[in-house]
Amino acid sequence: MAVSAMAGIPVLKETYTQLKIRMDKAVGAFQSHLSSVRTGRASIHMLDQVKVHAYGTETPLNQVAQITTPDANLIVIQPWDPSVIVDIEKALRTSDLGFNPQNDGKIVRVPVPPMTEERRRDVVKHLHKELEESRTAIRNIRRDGNEAIKKAAKDKAISGDEEKKSLEEIQKLTDDEIKRIEEMAKNKEKEVMQI
């Protein structure tokens, strides 16, 4: 993106910086969610959303165990403390990932069955829902930025031309970020539907 007109206006510089940071965070959150979306192959990121009730608190699975994928159809979870193995198995069973973990007292094996056509369609539907939620989050950030600009114009801190340019710039930033997440979603959808 070219040099920001808003960043050159002292009153709006902080607003622009905050908008950019918040939009980047929204895109980053969407991207990390995409990595946890299930495709046909086993991936340790499939379990990123799983929380284990261990030591009296909800803890991310990757903080209580080592997670590996020895092959394309298996995830192996080796807890650092064997006493939480039952909690790990319970967390996996209650997650909506559809896994059937097995534990041998030392490690938990999670077979990743091949995805059916119906399951692939469900995953894509869920992906579209997440995409729409991320679009909405980015649009809400845009709204906050627009309100800040209009307030600055109302308070006579910026001119009418600066207001117009700034609003256009926020719209372009919003469009660019939405285009980025749509591209990510499209690529992930291709990956999910690939057999």
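**Figure 1. T174 is a buried residue, with a relative accessible area of 0%.** This is a predicted model. T174 sits in helix α4. The cut-off for buried is under 20% relative accessible area, so T174, at 0%, qualifies. Which residues does T174 contact, leaving aside its neighbours within four places in sequence? The partners are M23, I138 and R142. The helix that carries T174 is α4. Helix α4 covers residues 160–193 and has the highest mean pLDDT among the elements of the protein, 91.

**Figure 2. The open sheet has four strands.** Their order is β3-β4-β6-β5, and the pairing is antiparallel. Strands β3 (65–71) and β5 (102–103) stand at the edges. Each of these two has a single partner strand, so one side of each is left without a neighbour in the sheet. In a regular strand, side chains alternate between the two faces of the sheet.

**Figure 3. β3 and β4 are joined by a hairpin.** The connection runs through two residues. Strand β4 spans residues 74–79. Five bridges join β3 to β4, and the two strands run antiparallel. Which residues stand opposite each other here? A65 faces P79 in β4. Q66 is opposite Q78 in β4. T68 is opposite V76 in β4.

**Figure 4. Strand β4 also pairs with β6.** Four bridges join β4 to β6 (residues 108–111), and these strands run antiparallel. V76 stands opposite R109 in β6. On the β3 side, V76 has T68 opposite. Is β4 mostly covered or mostly open? Strand β4 is mostly covered, with five of its six residues buried.

**Figure 5. The largest pocket holds about 330 Å³ of space.** Its lining is made of 14 residues. Nearest the centre of the pocket lie H33, D96, L97, R119 and H126. Which elements give two or more residues to the lining of the largest pocket? They are α1 (10–36) and α3 (117–154). Helix α3 supplies the largest share, four residues. By class, the lining of this pocket has five nonpolar, five polar and four charged residues. Rolling a probe the size of a water molecule over the atoms shows where empty space is left.

**Figure 6. Y55 has a positive phi.** The value is near 55 degrees, in a residue other than glycine. Where does Y55 lie? Y55 is in the loop between β1 and β2 (57–60). Y55 is exposed, with a relative accessible area of 59%. The cut-off for exposed is over 50%, so Y55 meets it. Strand β1 (residues 51–54) has the lowest mean pLDDT among the elements of the protein, 87.

**Figure 7. K156 also has a positive phi.** Phi of K156 is near 65 degrees, again in a residue other than glycine. K156 is placed in the loop between α3 and α4. Is K156 buried or exposed? K156 is exposed, with a relative accessible area of 72%.

**Figure 8. Confidence across the predicted model.** The mean pLDDT of the protein is 86. Of its residues, 96% reach 70 or more. Where pLDDT is low, the predicted coordinates should not be read in detail.

Key: Residues are numbered from 1 along each chain as its sequence is written. This is a predicted model: local features need pLDDT of at least 70, side-chain atom pairs count only at pLDDT 80 or more; totals for chains, interfaces and linings use all residues. Side-chain values use heavy atoms; hydrogens and water are left out. Two strands pair if DSSP finds at least two bridges between them. pLDDT is the predictor's confidence in each residue, from 0 to 100. On a 1 Å grid over the protein atoms alone, a cavity is a set of points where a 1.4 Å probe fits but cannot get out, and a pocket is an open set with protein on both sides within 12 Å along at least five of seven lines; lining residues have an atom within 4 Å of a point. Grid points are joined across faces, edges and corners, and a volume is the space filled by probe spheres set on the points. Ala, Val, Leu, Ile, Met, Phe, Trp, Tyr, Cys and Pro count as nonpolar, Asp, Glu, Lys and Arg as charged, and the others, Gly among them, as polar. Buried means under 20% relative accessible area, exposed over 50%, partly exposed in between (1.4 Å probe, protein chains only). Contact means heavy atoms within 4.5 Å.
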